[in-house]
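What follows is a walk through selected parts of one structure, taken region by region. Please keep the sequence and the 3D view at hand while reading.

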Amino acid sequence: MKVLLSWLQEFAPVYGDPVEIGDQLSGLGLAVEEMTAVGGGLDGVVVARVVDLRPHPDADRIQLVDVDDGSGKPLQICCGAFNMSVGDLVPLATLGTTMLNGMEISRRKMRGEWSNGMLCAASEIGLGEDEDGIMLLEGAIDPGTALVEALELHPDVLYDLEVNPNRPDAMSVIGVARDLAAHQGVGFAVPAPSGADKGQDVASRMAVEVLDNDLCGRFVGRVVDGIQVGPSPRWLVNRLTALGMRPINNVVDASNYVMLELGQPNHTYDLAAVEGAALRVRRAFDGETIETLDGVVRTLTTADGVIADGTDTAIGIAGIMGGASTEVSNGTKSILLEMAWWDPMAIAASSRRLGLRSEASARFERGTDPEIAELAMCRFAELLADSGATLAPGIIDVRGHLPVRPPVRVRVERVNALLGTNLSRDEVSDLLGSIGFVSQLAFGDSPSADLEVTVPSFRPDSATEIDLVEEVARIHGYDRIVPTLPRSTITGALSPYQQDRRRVRDAMVGLGLDEVMPVPFLAPGDLERAGLPADGITVTNPLVAEESVMRASLRPGILKTLAYNASHRLQGLGLFEIGHVYRCPDNEQPLPDEREYLAVALGGRDAGDAVAVWSALADALDARRYELVADGPAGLHATRTARIEVVGSVVGYVGEVDPSALVAYGIAERVGWLEVDLETLLAIPHGRRSYKRVSRYPSSDIDLAFEVDEGTPAGLVGACLRKAAGDLLADLSLFDVFRGPPVSEGRRSLAFTLRFQADNRTLTDAEVAAVREICIDTVQSTLPATLRG
């Protein structure tokens with residue numbers, strides 16, 4: 001549907017920038033597919049008269065046209081169109097003109113012949129679609145007259161709207177204007193047509209009978225006398241052309257204009273050609289034929305509707321197209337004007353079966369307003385009044401079965417619940433009232449009373465409460481509704497423990513470790529080979545004897561995995577498992593004591609690597625308040641293993657697997673080991689990460705190496721260094737563990753890098769040296785440790 005801004009402004013004082021108005025139309029559900037400025041940009045285009053036509057000597061598809069542009073001298077134009085004759089008036093784009101598409105007209109040669117301008121088709125100057133070639137102008141116009149003056153063109157804006165099938169009212173100018181006026185909050189009115197009835201009453205000149213009341217819900221007819229068929233006024237031609245309709249004559253143009261403006265399709269019969277001075281609305285006979293206005297003879301079925309004359313001969317296909325036998329011609333003096341309401345489904349079915357779709361059928365199959373006929377007929381007569389036409393007194397109004405339109409109950413609470421708004425009852429009533437819906441209270445005047453809304457006849461699409469809620473949303477403005485995420489039932493979510501377990505798994509994967517999932521059942525003797533007590537719970541009905549013991553530790557399963565891979569020459573693997581272990585309960589209970597553990601095995605690596613894994617895990621969980629205390633539980637290296645204590649609670653062990661266990665499983669490489677009781681660790685408060693400002697001042701690094709007993713954990717030495725260095729310590733890392741000469745037997749060397757940095761100054765060499773001495777003294781006085789030179 002196309003509409004002109006100036007046409008809309010005849011019904012409402014619409015204001016604003018054209019682009020802004022286009023956005024408002026789109027917001028109302030009438031999406032603007034294209035916005036075009038028309039009636040302007042034609043400077044340099046003048047009216048010219050064709051004075052001579054001759055073939056181009058070297059081109060079959062080009063002819064040479066001499067035109068008179070008002071200068072008195074003929075201009076030669078090379079033109080590819082052949083629809084002109086000598087004496088025709090045509091638009092000429094003179095030299096230097098810039099066309100709407102940006103092309104500049106200049107003097108050029110075409111196959112050796114000069115062209116001094118360009119003759120224009122209608123589409124090239126924004127005045128409609130091309131038909132046969134160059135646009136031919138009518139009337140007495142002097143050559144050289146500016147085209148905008150000759151055609152009475154004025155700058156305007158044309159909107160091409162996408163109208164959905166559920167908005168039949170928007171297939172008219174007044175429908176679009178009504179919505180836009182409601183959105184802008186300005187008045188809307190349809191002016192009453194002027195003119196008085198004159199002549200012989202229609203009742204004595206024509207009779208109408210409706211035989212199928214379901215097909216035709218209302219048939220209205222009036223007679224217009226004094227018809228003089230001729231061209232339409234230029235302003236009307238311009239509007240029809242802008243909206244994509246071809247002007248034909250003043251009668252047909254007035255009919256199309258009323259349909260576009262008011263949304264009421266109509267048909268005109270030459271009154272003298274209607275046999276028997278009567279019309280009958282009925283279903284077609286099977287095989288009945290009719291020649292329609294397009295000159296095609298069509299065969300009908302009993303599903304099609306027809307308008308027949310007094311002899312019962314079909315003279316029109318109901319709601320689709322009229323017949324050629326009663327077409328208005330130059331000799332027509334009086335016409336019968338028909339406006340009806342046709343059943344939308346019947347029109348849609350016939351149009352589809354016949355392969356005949358017209359502007360009328362497109363509107364009828366969506367549903368038209370059955371109550372606008374009288375206004376539309378008066379408007380039709382008003383458009384023809386200047387040519388001497390008059391509307392005869394009386395009106396033929398035959399009614400069939402129109403759809404029943406009961407009031408719709410609207411709950412304001414429901415409106416707000418669906419839209420997420422907080423509109424009052426009066427606001428909802430005003431919004432609906434602005435587009436023609438009449439509201440009243442359903443019961444009394446209580447604050448909670450619902451609205452009972454009468455739907456206007458031009459809105460057949462609105463029949464339920466939800467339809468009216470949509471109308472409220474459109475006029476209120478979707479852009480004014482704050483987006484909210486609908487609340488839905490949450491059927492499940494990860495618990496804090498499950499989220500922490502995912503962090504643990506992500507940390508292990510991030511360290512390059514591979515997750516394994518051994519069978520949770522062990523063979524008899526697996527625990528003992530791993531150096532663990534033989535206190536596993538035995539299954540009374542195992543599937544196989546080799547899997548009859550429930551694991552009391554993750555260690556045997558992972559060692560089996562390492563051994564299997566070693567037998568296939570795959571060594572140096574880093575593996576981890578998160579799984580449950582099953583132990584005999586301390587108290588009587590029907591089920592084992594089941595707890596979830598993390599186990600990490602580092603093939604070919606030592607305790608220092610295992611400590612690094614623990615440190616990364618502690619960082620990931622933000623559980624840094626831990627201590628490593630020398631300990632040697634069963635199955636782990638007696639002097640290279642430490643107990644992990646977090647805030648005083650034992651959560652696991654870190655170190656190396658005992659060499660005897662490795663031999664028992666056939667593993668020839670050292671294996672770093674970490675095992676953590678996840679349930680205990682994750683139950684301790686953690687995750688409250690604290691941040692400190694990054695210093696802008698340079699740091700100073702020093703290295704310290706201490707010789708300690710094998711039983712002294714590196715973590716204990718690190719704890720002494722942290723305590724001694726205090727706030728100046730920015731970082732501490734163990735970078736080397738050394739055994740062998742010159743280090744004494746049973747002892748090892750631990751080398752640390754200490755980074756010192758202050759928040760408010762650059763440390764001097766003296767300050768760094770003083771802190772260094774404090775660190776050394778603290779370690780040597782607290783532990784059996786000596787500084788290596």
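In this predicted model, Arg218 has contacts with residues well beyond its sequence neighbours within four places: Met339, Ala340, Trp341, Pro370, Glu371, Ala373, Glu374, Asp397, Val398, Arg399, Gly400 and Leu402. Arg218 belongs to strand E12, which covers residues 216-225. Its relative accessibility is 1%, so Arg218 counts as buried, the cut-off for that class being under 20%. Two residues of the contact list also make polar contacts with Arg218, side chain to side chain. One is Glu374, at 2.5 Å. Another is Asp397, at 2.6 Å.

Val415 is a second buried residue, because its relative accessible area is 0%. Val415 sits in helix H10, residues 412-419. If neighbours within four places in sequence are left aside, Val415 touches Val410, Thr421, Val428, Val469 and Val472. The C-alpha atom of Val415 is 8.9 Å from that of Glu470, although 55 residues along the chain lie between these two positions in numbering.

The next topic is a pair of helices. Two packed helices are described by the angle between their axes and the distance between the axes. Helix H2 (residues 18-27) packs against helix H4 (residues 173-184) at about 100 degrees, and the axes are 10 Å apart. An angle from 65 to 115 degrees counts as roughly perpendicular, so H2 is roughly perpendicular to H4. On the H2 side, the residues in this contact are Ile21, Gln24 and Leu25; on the H4 side they are Val176, Leu180, His183 and Gln184. Sorted by class, the contact of H2 with H4 holds 4 nonpolar and 3 polar residues, and no charged ones.

Further along is strand E33, residues 642-646, which is mostly covered, with 4 of its 5 residues buried. Strand E33 has antiparallel pairings with two strands. With strand E32 (residues 626-630), E33 shares 5 bridges, and Glu627 has Glu645 of E33 as its bridge partner. With strand E34 (residues 649-656), E33 is again joined by 5 bridges. Here Glu645 has Val650 of E34 as its bridge partner. Strands E33 and E34 form a hairpin with 2 residues between the strands, and Val647 in this hairpin takes a positive phi near 50 degrees.

The last region is an open sheet. Its 4 strands follow the order E37-E38-E36-E39 and pair in the antiparallel sense. Which strands stand at the edges? They are E37 (729-738) and E39 (785-787); each has a single partner strand, so one side of each is left without a neighbour in the sheet. On average, neighbouring strands in this sheet are turned by 30 degrees against each other, with direction ignored. The antiparallel pairing of E36 (residues 700-709) with E39 has 3 bridges, and in it Val708 is matched with Ala785 of E39.

Two helices lie across strands of this sheet. Helix H19, residues 714-725, lies across E36, E37 and E38 (747-756), and runs at about 30 degrees to E38. Helix H20, residues 765-782, lies across E36, E38 and E39, at about 15 degrees to E36.

Notes. Residues are numbered from 1 along each chain as its sequence is written. This is a predicted model: local features need pLDDT of at least 70, side-chain atom pairs count only at pLDDT 80 or more; totals for chains, interfaces and linings use all residues. Side-chain values use heavy atoms; hydrogens and water are left out. Two strands pair if DSSP finds at least two bridges between them. Axes are lines fitted to C-alpha atoms, for helices over the stretch in contact, and angles run from 0 to 180 degrees between N-to-C directions. Contact means heavy atoms within 4.5 Å. Buried means under 20% relative accessible area, exposed over 50%, partly exposed in between (1.4 Å probe, protein chains only). A polar contact is a pair of N or O atoms within 3.5 Å; within protein, one must be able to donate a hydrogen and the other to accept it, and residues adjacent in sequence count only if both atoms are side-chain atoms. Angles under 35 degrees count as roughly parallel, over 145 as roughly antiparallel, 65 to 115 as roughly perpendicular and the rest as oblique. Ala, Val, Leu, Ile, Met, Phe, Trp, Tyr, Cys and Pro count as nonpolar, Asp, Glu, Lys and Arg as charged, and the others, Gly among them, as polar.
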